[in-house]
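Student: Could you take me through one part of this model up close? I'd like a single spot to start from, and then whatever else helps me get my bearings.

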Amino acid sequence: MMTINSLTQSAIELLKHLIQTPSFSSEEDATALLLEDWFQSFEIPYQRHQNNVWATNKSFDNSKPTLLLNSHHDTVKPNSGYTKNPFDAHAEDGKLFGLGSNDAGGCLVSLLATFTYFYHQKSLSYNLVFVGSAEEESSGPNGLNSMLEVIPKIDIAIVGEPTQMHLAIAEKGLVVFDIDVFGTPSHAAHPNADNALYNAIPVMEWVKNYKFEHQSETLGAVKMTLTQIDAGQQHNAVPAKVSLVVDVRVNDCYSNQDVVDTIKKHLPNAKVSARSTNLNSSSISKTHPLVKSGMALGRKTYGSPTLSDQAVLSCPSFKLGPGDSTRSHTADEFIYIHEIEEGIDIYIQLLKQIL
């Protein structure tokens, strides 16, 4: 019989193998095989769609609502600050080091162990679907978004991201804007009252100072940040165009299209283009039984400013997972082993209250 302790030890061993196996976004073939190996070892039927590996609980019943358990097995590339081998699953002082250990390997193996724990149980109130997804870090086309027409319809989701096992019940959406400001090109030695660089100043000031009216209880204000400027090629030539990039984190009071319309309205003399409006904000009510179950276990609720695969879901969802978001994408990334042990225990306790 599977015990929580044996599942936890198996999950930690899987995480070590995942760390040792490079899995940059869109290059997750080998880690997908490791997820397949897990299901085979527990004799659980599974399916693979590109580099996404998924399964449903044994007693899946179409008449019941379905809960998605999801985390990703791709990683970013290691940065130049690493002092340890990013692919060496090195344990030291209770920490497991390695690329993807915290984001989001610890969450992935913890949710996988949790799914396995409940797989054989009958008469559950919810169906369970597990998806180990690809291309989360790059928001690529072949990640969880590509799975929504493959897997059964989802009614609610837990997305595994490092939250210190607190409940991120809301998450900001993202719209990236390309804003072009135009002027008259000329030689720098001659007068020019239509300098594109000067024309861009009030645009940048607007981005800096504009405040969207509605603030969210969990996510606060919409945040606009100027992140890139490109203009000019030589010192003696006034350019015809200044290109700006603006990163906008959208709270749950606005749709992404609302933000697009607002920016275009206030910047009529600039060319404003949104790269995508698909990465929307997401949230779940504090009164949902899953959230109440987590709160009963002493877990806090909060709003997250960072993006995850929640952005592609249209159902209620929240982020929950072992690890700490501030360690993600950092040099010498690590997760505490006790965080994985605690994570699996809390996931199972939380689901027991509603399943």
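What orientation do helix 1 and helix 7 have to each other?

Tutor: Two bits of housekeeping come before the helices. This is a predicted model, where local features need pLDDT of at least 70 and side-chain atom pairs count only at pLDDT 80 or more, while totals for chains, interfaces and linings use all residues. Residues are numbered from 1 along each chain as its sequence is written, and side-chain values use heavy atoms, with hydrogens and water left out.

Now your spot. Helix 1 (residues 4-19) and helix 7 (residues 337-352) have axes that come within 10 Å and cross at roughly 130°. Helices here are DSSP runs of H or I with at least four residues, strands are E runs of at least two, and both are numbered from the N terminus. The axes are lines fitted to C-alpha atoms over the stretch in contact, with angles running from 0 to 180 degrees between N-to-C directions. The two helices are therefore oblique to each other: under 35 degrees would be roughly parallel, over 145 roughly antiparallel, 65 to 115 roughly perpendicular, and the rest is oblique. The crossing is right-handed, meaning the near helix is turned clockwise from the far one by less than a right angle. On the helix 1 side, Ile-4, Thr-8, Gln-9, Ala-11, Ile-12 and Leu-15 make the contact; helix 7 brings Ile-337, Ile-340, Glu-341, Ile-344 and Ile-348. Contact means heavy atoms within 4.5 Å.

Next, the rings. The whole structure has 13 aromatic pairs, counted when ring centres of Phe, Tyr or Trp (its six-membered ring) lie within 6.5 Å; planes under 30 degrees apart are stacked, over 60 edge-to-face, the rest tilted. Phe-39 and Phe-130 pair edge-to-face, 6.0 Å centre to centre with 65° between the planes. That pair joins helix 2 (residues 29-41) to strand 6 (residues 127-133), with the partners 91 residues apart. Phe-97 and Phe-334 sit 5.6 Å apart at 50°, so this pair is tilted. Here the link runs from strand 5 (residues 95-97) to strand 18 (residues 334-336), across 237 residues. Phe-97 and Phe-334 are both buried, i.e. under 20% relative accessible area, where over 50% is exposed and in between is partly exposed (1.4 Å probe, protein chains only).

Each of these two rings also has a lysine over it. The charged end of Lys-84 sits over Phe-97, 4.7 Å from the ring centre, and that of Lys-95 sits over Phe-334 at 4.6 Å. The cut-offs put NZ of Lys or CZ of Arg within 6 Å of the centre and within 35 degrees of the ring normal.
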